[in-house]
Amino acid sequence: MIITYFGHSCFLVELGGNRLLFDPFISGNALAASVNTEAIRADYILASHGHADHVGDLEAIARRSDAVVVGAYELATYYGSKQLKYHPMNTGGYWNFGTWWVKCVPAVHSSSLPDGTYAGNPMGFVAGNNTECFYYSGDTALTLDMKLIAEEFTLVTAFLCLGDNFTMGIHDAVKAAQFVGCSHVTGMHFDTFDYIKTDHRKAHEAFGAAGITLKLPTIGESWEA
Ligand code: NI
Ligand code: MN
C-alpha cells in the first residue's frame, strides 16, 4: 500500500485500487499550508470521530470526489443528510466493500461534530484487503481492548496518536504498539497545536528502546508500507 501524509491525523492510503482517506483536516492546519487540498481525491473517507481536527475538509473532499463517508452511524448519517454518499457503522462492526474491508474497533475519546451534533462513538479502524491490513487508532487513550486486535490481525503498520493531552502520549503509544502486536508504527496527532507539540527525539528513543520502528511522517510525504 502507498501512504501519503497530509498532516495531523490525515492519511491517504492507496490499497489495491482504492483510495482511502482518513480524518481529513488540512486547510485548517497551519502546518499543512503546502498541501493543495483541492487536488485530493478519495473513493472512501473514513472518519474516526466528529471533532473539527478530523472532519474539517471532509465535506468538501467528499463532494468533489463523490466519495463514500464511512464512520459511526450518527456521523455517517449526518453527512448523508447533506446528500453525500455514506456507509454507517458502529463499534465492533465489520464490512466488506468488495475489494477492501474495514472493522470498527473501540476508541476511548469523545465525539461531536463542529456544529455540536452528537456524532456517536469515537472509533478506530482496522482496514485491509486479501493481502495486507493496518490499524488506524483515531483519537484514543491506551486501552486493553487493543490486545484483541493482535489476536485477530497481523498488521503491516499501526497509525497511532501520540501527541498526548487529548490522546495517548509517547509512553502509552509504545504500549499500544505492543498491545496490537505491530513493530512498525506511524505516528499521528502530534505538533499541530501547542497542546500536542512533541519531542521527536524522545519519541524515537522510546519506540527504539522497545524495538519498534517509528515513523513521524513529514507533511506531504508519500511512502510504501
Ligand atoms: Ni478528537
Ligand atoms: Mn483530535
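**Exercise 1. A pair across two strands**

Task: Find which residue Tyr5 stands opposite in strand 2, and work out how strand 1 and strand 2 are joined.

Solution. Start at Tyr5, and you will see that Phe11 of strand 2 stands opposite this residue. Keep in mind as you look that the model is predicted. Next, follow the two strands: strand 1 covers residues 2-5, and four bridges join it to strand 2 in an antiparallel run. Now look at the connection, where five residues lie between the two strands of this hairpin. One residue to pick out in the turn is Gly7, with a positive phi of about 95°.

Strand 1 also pairs with strand 14 (residues 222-224), antiparallel and over three bridges. To locate that pairing, go to Thr4, which has Ser222 of strand 14 opposite.

**Exercise 2. From one ring pair to a cluster**

Task: Decide whether the ring pair of Phe11 and Phe159 is stacked, edge-to-face or tilted, and say which parts of the chain it ties together.

Solution. Begin with the total: the model has 15 aromatic pairs. In the pair of Phe11 and Phe159, the ring centres are 4.6 Å apart and the planes meet at 55°, so this pair is tilted. The cut-offs behind this step are under 30 degrees for stacked and over 60 for edge-to-face, with the rest counted as tilted.

Then place the two residues. Phe11 belongs to strand 2 (residues 11-15) and Phe159 to strand 11 (residues 158-161), so the pair links parts 148 residues apart in sequence.

Check their surroundings as well. Phe11 has 0% relative accessibility and counts as buried; Phe159, at 1%, counts as buried too.

Finally, widen the view: ring pairs connect Tyr5, Phe11, Phe22, Phe125, Phe134, Tyr136 and Phe159 into a cluster.

**Exercise 3. Charges over rings**

Task: Find the ring that the charged end of Lys147 sits over, and the ring whose face Lys215 lies over.

Solution. For Lys147, the ring is that of Phe179, with the charged end 4.8 Å from the ring centre. For Lys215, go to Trp223: the distance to the ring centre is 4.7 Å.

**Exercise 4. Two metal ions**

Task: List the residues that coordinate the nickel ion (ligand 1) and the protein donors of the manganese ion (ligand 2), then name the residue that bridges the two ions.

Solution. Take the nickel ion (ligand 1) to begin with. His49 (NE2), His51 (ND1), His109 (NE2) and Asp139 (OD) coordinate it at 2.2 to 2.4 Å. The angles among these four donor atoms run from 87 to 178°, and the site is irregular. Along the sequence, the donor residues are spaced H-x1-H-x57-H-x29-D.

His49 sits in the loop between strand 4 (44-46) and helix 1 (52-55), while Asp139 sits in the loop between strand 10 (133-136) and helix 4 (146-152), so the pair ties together parts 90 residues apart in sequence. His49 and Asp139 are both buried.

Move on to the manganese ion (ligand 2). Its protein donors, lying 2.2 Å away, are Asp53 (OD), His54 (NE2), Asp139 (OD) and His189 (NE2). Their spacing along the chain is D-H-x84-D-x49-H. With Asp53 in helix 1 and Asp139 in the loop between strand 10 and helix 4, the pair ties together parts 86 residues apart in sequence.

The bridging residue is therefore Asp139, and the two ions lie 3.1 Å apart.

**Exercise 5. Reading the sheets**

Task: Give the strand order of the open sheet of seven strands, then explain why strand 5 is largely enclosed.

Solution. The order of the open sheet is 7-8-9-10-11-12-13, with mixed pairing. Strand 7 (94-96) and strand 13 (213-215) are at the edges with a single partner strand each, so one side of each has no neighbour in the sheet. On average, neighbouring strands here are turned by 20° against each other, direction ignored.

For an example of pairing, try strand 8 (residues 101-106) and strand 9 (residues 123-128), which are antiparallel over six bridges. Val102 has Ala127 of strand 9 opposite.

Now turn to strand 5 (residues 68-72): five of its five residues are buried, so the rest of the structure largely encloses this strand. Strand 4 pairs with strand 5 in the parallel sense over three bridges, and Tyr44 has Val68 in strand 5 as its bridge partner. Strand 5 also runs parallel to strand 6 (residues 85-89), joined by five bridges; there, Val70 stands opposite His87.

Notes: Residues numbered from 1 in each chain as written. Chains lettered and ligands numbered in written order. Predicted model: local features only at pLDDT ≥ 70, side-chain atom pairs only at ≥ 80, totals over all residues. Heavy atoms only, no water. Phe/Tyr/Trp six-rings, centres within 6.5 Å; stacked < 30°, edge-to-face > 60°. Buried < 20%, exposed > 50% of the residue type's maximum accessible area, 1.4 Å probe, protein only. Lys NZ or Arg CZ within 6 Å of the ring centre and 35° of its normal. Pairing = 2+ DSSP bridges. Donors = N, O, S within 2.8 Å, 3.2 Å for Na, K, Ca; no water. Tetrahedral: all angles 85-135°; square planar, octahedral: opposite > 155°, others 65-115°. Axes fitted to C-alpha atoms, helices over the stretch in contact; angles between N-to-C directions.
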